[in-house]
Amino acid sequence: MMLIPCPWCGDRLDAEFTCGGEAHIMRPDPATASDAEWADYLFMRENPKGLHHERWFHAHGCRRWFHMTRDTASHRIVAVYAITESAPEASG
Amino acid sequence: MAEAWQRQSPLARRSPMDDDTGAGLAMTEREFLAKITVRGKVADDAIRDALGIALPGEPNTACSGKDHAILWLGPDEWLVVGPPDTEKELVSTLATALPDAAVIDVTEGYATIRLGGPLAREVLSMGTPLDLHPREFAAGAATRTLFARTTVILHKISDDPVFDIHVERSQAEYLWTWLETASRPYRDALR
Ligand SMILES: [Zn+2]
């Protein structure tokens, strides 16, 4: 069991959340992007061992999306920030 | 709203669990409470004028008056609970008062179970890791959360304690029997 700190509701059971995968993926301009760039945008993900910026959804609570920086090796949660914010510098 | 003659609670065939042992654990249904979802821009003044109670602005809280309660469900979402058979007038009152919000009657979509007594917290703690100690979850606290693998809206009415649990209609009988089962060891021990 893991507790996730929702920025609205506070610490909640991880089962209340849905992970939306890697955060901060920018959509290239489809008019100018090459096939390789477009494929990279659609399919390729970082999948790091260590710090990872992710999108999470509090599905069984306030039903809000937010960002979370998490260590994929230890599950340590480093930062939680709003869905409109960019990744925190220090934990990058 | 369903026609009165067609209307049946999903818990109609369940008998209330009364505080017959002196154990202090009672479970009843609060049948056909009016329940309205409000989403969007809601002015605190407009709610005060319409229902005479404040709009809860903080997560995990509710504001209650004589007849109504407003539960915070999200940054732009609330549940308004009122007396049985008032949903029609409640919808029109709220829709008039809140022109920038969606006002949806969800009365028939939810059933409400009331669990009360000194052992209520013990029983509820088996279904959720939320800290239900009055220090953390005092009277007036409310939240949508995962409880016994179903989504509920949990509202602590008083510190006696009394809890109201709003649950989707299709899950109501499951949750009722789950709570009955969870209560059994406490009731047996005190018999
Ligand atoms: Zn939340």
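**Notebook: core, sheets and contact in a two-chain model**

I looked up the largest nonpolar core first; it has 58 residues. The residues with the most contacts inside this core are L71(B), W78(B), V80(B), I113(B) and L115(B). I then asked which element gives the most to the core, and found β4(B), with five residues. I note here that the model is predicted.

I took V80(B) from that list and looked up its contacts, leaving out residues up to four places away in sequence. V80(B) touches I36(B), V38(B), H68(B), I70(B), L90(B) and L94(B). One of these, I70(B), is also the bridge partner of V80(B), which belongs to β5(B). I count five bridges between β4(B) and β5(B), residues 77-82, and the two strands run antiparallel.

**Open sheet of chain B**

In what order do the five strands of the open sheet in chain B lie? I read the order as β3-β4-β5-β2-β6, with antiparallel pairing. The edge strands are β3(B), residues 62-64, and β6(B), residues 101-105, and each of them pairs on one side only. The twist from one strand to the next averages 20 degrees.

I next looked for a helix on this sheet. Helix α2(B), residues 87-97, packs on the sheet and touches β2(B), β5(B) and β6(B). The direction of α2(B) makes about 20 degrees with that of β2(B), residues 34-40. I also noted a general point: strands of a sheet pair through backbone hydrogen bonds, either parallel or antiparallel.

**Strands β8 to β10 of chain B**

I followed chain B on to β8(B), residues 142-147, and β9(B), residues 150-158. Six bridges join these two strands, which run antiparallel. I picked A142(B) and found its bridge partner in β9(B) to be H155(B). β8(B) and β9(B) form a hairpin with two residues between them. I checked the turn for a positive phi and found one at A148(B), about 45 degrees.

On to the next strand, I found that β9(B) is joined by six bridges to β10(B), residues 162-168, and that this pair runs antiparallel. For K156(B), the bridge partner in β10(B) is F163(B). The connection from β9(B) to β10(B) is a hairpin through three residues.

**Contact between the chains**

How many residues does each chain bring to the contact? I find 11 residues from chain B and 13 residues from chain A. On the chain B side, β4(B), residues 69-74, and β8(B) each supply at least two residues. β8(B) gives the most to that side, with four residues. By class, I list the chain B side as five nonpolar, five polar and one charged residues. I note that β4(B) thus appears twice in these entries, as the element that gives the most to the core and as a supplier of the contact.

**Chain A**

I turned to chain A last. It has one helix and six strands, and along the sequence they follow the pattern β-β-β-α-β-β-β. Taken along the principal axes, the C-alpha atoms of chain A fill a box of roughly 45 × 25 × 25 Å. I looked up burial as well: buried residues make up 21% of the 92 residues in chain A. Of the contacts in chain A with a separation of 6 or more, 47% are between residues 24 or more positions apart.

Methods
Residues numbered from 1 in each chain as written. Chains lettered and ligands numbered in written order. Predicted model: local features only at pLDDT ≥ 70, side-chain atom pairs only at ≥ 80, totals over all residues. Pairing = 2+ DSSP bridges. Contact = placed C-beta atoms within 7 Å. Nonpolar A, V, L, I, M, F, W, Y, C, P; charged D, E, K, R; others polar. Core = buried A, V, L, I, M, F, W, Y, C linked by C-beta atoms within 7 Å. Buried ≥ 20, exposed ≤ 12 C-beta atoms within 10 Å, placed from the backbone. Axes fitted to C-alpha atoms, helices over the stretch in contact; angles between N-to-C directions.
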